[in-house]
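Please open the structure in a viewer and keep the sequence at hand. The tour proceeds by selections, each followed by a description of what is there.

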Amino acid sequence: MCESCGRQLHHPLAPSRRKFILGAAAVGLAFTNPATARGKKKEEDDDEKKKKPPKPENVISPDASLKRLMDGNARYVGGVARRHDFKHEREALAGGQNPFAGILSCADSRIAPEYAFDSARGDLFVCRLAGNFANDDSIASLEYGVAVLNVPLILVLGHDACGAVDATIKSLKDNTTLPGHLPSLVTALSPAVKAVSGKGGDVLDNAIRQNVIDNVAKLKSATPILSAAVEQNKLKVVGGIYRLKDGKVDMVA
Ligand SMILES: [Zn+2]
């Protein structure tokens, strides 16, 4: 007999339904707390991920950064470069980057800093333009690398037989104006060429070296971000020249 309506067995599942509803509520409760906990855990994990650099091994001092570049270059020169796992590196770096060095390199297709220093994706913050000189745009990029990504070292990387420096020498010598936007390269590289002219030796080699030295000095004193990082010993700026024949990088500044 149903106590509410007086009829017999018209809803025999009533007790079960009651149990089911109570059970569902209990299950609901049972799921609510862990779910909330999991949500909180996920938030904490996400916060942790934001704080944690994607490549902890890249959080190193300026000197350790330079050593790592040189060790990588030695492997590259010796033909014993590492095998790089691009697939897993891509996934690990999808959420951020913390390169261990910035490179201001010539655009010359034979240089390829990532190969030259046997480095992986996410290791080098590379700015490239013919003649590897610092202008407002390359300085701004490197400022981002230092101020936001905490890059501890910048290497200005010239190379022998640089076409941009050679074209500048010829343009100045012959007093000719190059076509298109090329005169802007001549303007940027002229100070180094003029500084070594008439001093004997190989003008091209000397101008390439001088250009690296000048641009190291320019980056070191670039206010307000790079100069401050150098002063606080958070950043070192160095210069090197890549030798086309064997791939070796010789430090010059
Ligand atoms: Zn070049």
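What share of the contacts in the protein with a separation of 6 or more is accounted for by residues 24 or more positions apart? In this predicted model, such residues account for 68% of those contacts.

**The whole chain**

Begin with a cartoon view of the entire protein. The protein has 9 helices and 5 strands. Following the sequence from its start, one meets these elements in the pattern α-α-α-β-α-β-α-β-α-α-α-α-β-β.

Next, switch to a surface view. The protein exposes about 15100 Å², and carbon and sulfur atoms supply 56% of that area. Of the 253 residues in the protein, 36% are buried.

**The largest pocket**

Select Pro53, Gln97, Asn98, Leu149 and Asn150. Among the 28 residues lining the largest pocket, these five are the closest to its centre. The volume of this pocket is about 580 Å³.

Which elements give two or more residues to the lining of the largest pocket? They are α1 (14–51), α5 (136–147) and α9 (225–231), and each may be coloured separately. The greatest contribution comes from α9, which gives 3 residues to the lining.

Now colour the lining of the largest pocket by residue class. It divides into 16 nonpolar, 8 polar and 4 charged residues.

**The second largest pocket**

Move to Phe86, Glu114, Tyr115, Ser119 and Ala120. These residues are the closest to the centre of the second largest pocket, out of the 14 that line it. The second largest pocket has a volume of about 230 Å³.

How is the lining of the second largest pocket divided by class? There are 7 nonpolar, 3 polar and 4 charged residues in that lining.

**Two cysteines**

Select Cys127 and then Cys162. Is Cys127 buried or exposed? Cys127 counts as buried because its relative accessibility is 8%, and the cut-off for a buried residue is under 20%. Cys162 also counts as buried, because its relative accessibility is 2%.

One further point concerns the bonding of cysteines. A disulfide is a covalent bond between the sulfur atoms of two cysteines. How many disulfides does the structure hold? The structure holds 0 disulfides.

**Final view**

To finish, display both pockets together on the cartoon. The largest pocket, with a volume of about 580 Å³, and the second largest, with about 230 Å³, can then be viewed in the setting of the 9 helices and 5 strands.

Notes:
Residues are numbered from 1 along each chain as its sequence is written. This is a predicted model: local features need pLDDT of at least 70, side-chain atom pairs count only at pLDDT 80 or more; totals for chains, interfaces and linings use all residues. Side-chain values use heavy atoms; hydrogens and water are left out. On a 1 Å grid over the protein atoms alone, a cavity is a set of points where a 1.4 Å probe fits but cannot get out, and a pocket is an open set with protein on both sides within 12 Å along at least five of seven lines; lining residues have an atom within 4 Å of a point. Grid points are joined across faces, edges and corners, and a volume is the space filled by probe spheres set on the points. Helices (H or I, at least four residues) and strands (E, at least two) are DSSP runs, numbered from the N terminus. Ala, Val, Leu, Ile, Met, Phe, Trp, Tyr, Cys and Pro count as nonpolar, Asp, Glu, Lys and Arg as charged, and the others, Gly among them, as polar. A disulfide is a pair of cysteine sulfur atoms within 2.5 Å. Buried means under 20% relative accessible area, exposed over 50%, partly exposed in between (1.4 Å probe, protein chains only). Contact means heavy atoms within 4.5 Å. Accessible areas come from the Shrake-Rupley method with a 1.4 Å probe; for residues, only the protein chains shown count as cover.
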